[in-house]
Amino acid sequence: APRGLTIELEGEANDYFCKGLSGGTAVLYPPKGSVYNPNENVICGNVSFYGATSGKAFILGPAGERFCVRNSGAQVVVEGVGDHGCEYMTGGRAVILGPIGRNFAAGMSGGVAYLWDEDERARPRVNVGMVDLEDLVDPEDVAELKALVEEHARATGSERAKRILATWEVQLRKFVKVMPRDYKRALAELAAETVQVA
């Protein structure tokens with residue numbers, strides 16, 4: 001999906017949903033009139049957003065395993081993921097508004113993931129070999145996260161996103177930022193070089 005194209009899918013998606021997303025926007029939600037809780041049913045298969053380079057996506061419900069593997073620039077909001085989420089991710093943003101599986105962020109060298117750790121089970125499932133877990137204190141991080149959650153709520157009608165936004169100050173304390181160490185160091189070096197040039 002190139003820049004300027006929006007794909008809206010009412011239903012479900014198989015493995016490799018939005019593989020190589022390159023600038024467009026994708027919205028995925030259950031069939032209208034469904035009586036099941038979208039947060040309790042996987043809506044897209046494994047390896048969604050494999051190698052995505054840019055664009056945005058909003059998914060009402062959880063995804064399968066290896067979500068956003070090798071994502072290098074897409075911004076994605078989903079309501080839960082299986083094992084090995086954000087594996088080898090090098091760029092972009094992933095907002096997970098729900099539970100994660102084991103080995104999250106293994107080999108993650110770039111980009112940022114924001115986890116809504118409502119039940120405090122997410123932190124032990126993160127592979128901290130290359131990343132640090134940080135509280136959200138930077139106003140730019142907070143603004144970025146809130147904007148993505150708001151966009152997700154508008155695009156999908158997510159009740160979970162609406163609830164988070166309605167009690168934002170409380171819910172913000174439940175988020176954790178997954179930050180690759182090398183990426184953080186590179187950003188700091190770039191900022192220092194910019195100051196020297198100025």
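## Salt bridges, cysteines and pockets

Q: At 30% relative accessibility, does Asp132 count as buried, exposed or partly exposed?
A: In this predicted model, the relative accessibility of Asp132 comes out at 30%. Buried would need a value under 20%, and exposed one over 50%. Since 30% sits in between, Asp132 counts as partly exposed.

Q: Which side chain does Asp132 meet in a salt bridge?
A: The contact is an N to O pair at 3.0 Å, inside the 4 Å cut-off. Asp132 supplies the strand side of it, from β7 (residues 131–134), and the other end lies in helix α4 (residues 181–197), so the pair ties together parts that are 49 residues apart in sequence. That other end is partly exposed at 32% relative accessibility. The partner of Asp132 is Arg181.

Q: How many residues apart are Glu144 and Arg93, which link distant parts of the chain?
A: Their side chains meet in a salt bridge, N to O at 3.0 Å. Glu144 belongs to helix α1 (residues 139–156), while Arg93 belongs to strand β5 (residues 90–96). Along the chain, that puts them 51 residues apart.

Q: Of Glu144 and Arg93, which one counts as buried?
A: Buried takes a relative accessible area under 20%. Glu144 has 23%, so it is partly exposed. The other one has 16%, and that makes the buried residue Arg93.

Q: About how many helical turns separate Asp182 and Arg185?
A: These two side chains form a salt bridge of 2.2 Å, N to O. Asp182 is partly exposed at 41%, and Arg185 is partly exposed at 46%. Because they are three residues apart in helix α4, the separation is about one helical turn.

Q: How many salt bridges does the structure hold in total?
A: The pairs covered here include Glu144 with Arg93, Arg181 with Asp132 and Asp182 with Arg185. The count for the structure is 12.

Q: Why is there no bond between the sulfur of Cys68 and that of Cys86?
A: A disulfide needs two cysteine sulfur atoms within 2.5 Å. Cys86 holds the closest cysteine sulfur to that of Cys68, yet it is too far for a bond. Both residues are buried, Cys68 at 0% relative accessibility and Cys86 at 0% too. What rules out the bond is the sulfur distance, 5.1 Å.

Q: How many disulfides does a search of the whole structure find?
A: A disulfide is a covalent bond between the sulfur atoms of two cysteines. Cys86 is in none, with the sulfur of Cys68 as its nearest at 5.1 Å. Searching the whole structure gives a disulfide count of zero.

Q: How many charged residues are in the lining of the largest pocket?
A: This pocket has a volume of about 250 Å³. Of its 14 lining residues, the closest to the centre are Asp138, Asp141, Lys177, Met179 and Leu187. Helix α1, strand β8 (175–180) and helix α4 each supply at least two residues of the lining. Five lining residues are nonpolar and no residue is polar, with charged residues numbering nine.

Q: Which residue is the one polar member of the lining of the second largest pocket?
A: The volume here is about 180 Å³. The lining divides into five nonpolar, one polar and six charged residues. Among the lining residues are Trp116, Asp117, Arg160 and Gly98. Because Gly is counted as polar, the polar residue is Gly98.

Key. Residues numbered from 1 in each chain as written. Predicted model: local features only at pLDDT ≥ 70, side-chain atom pairs only at ≥ 80, totals over all residues. Heavy atoms only, no water. Helix = DSSP H or I, 4+ residues; strand = E, 2+ residues; numbered from the N terminus. Buried < 20%, exposed > 50% of the residue type's maximum accessible area, 1.4 Å probe, protein only. 1 Å grid on protein atoms, 1.4 Å probe; cavity = no way out; pocket = protein on both sides within 12 Å on 5 of 7 lines; lining within 4 Å. Points joined across faces, edges and corners; volume = space filled by probe spheres on them.
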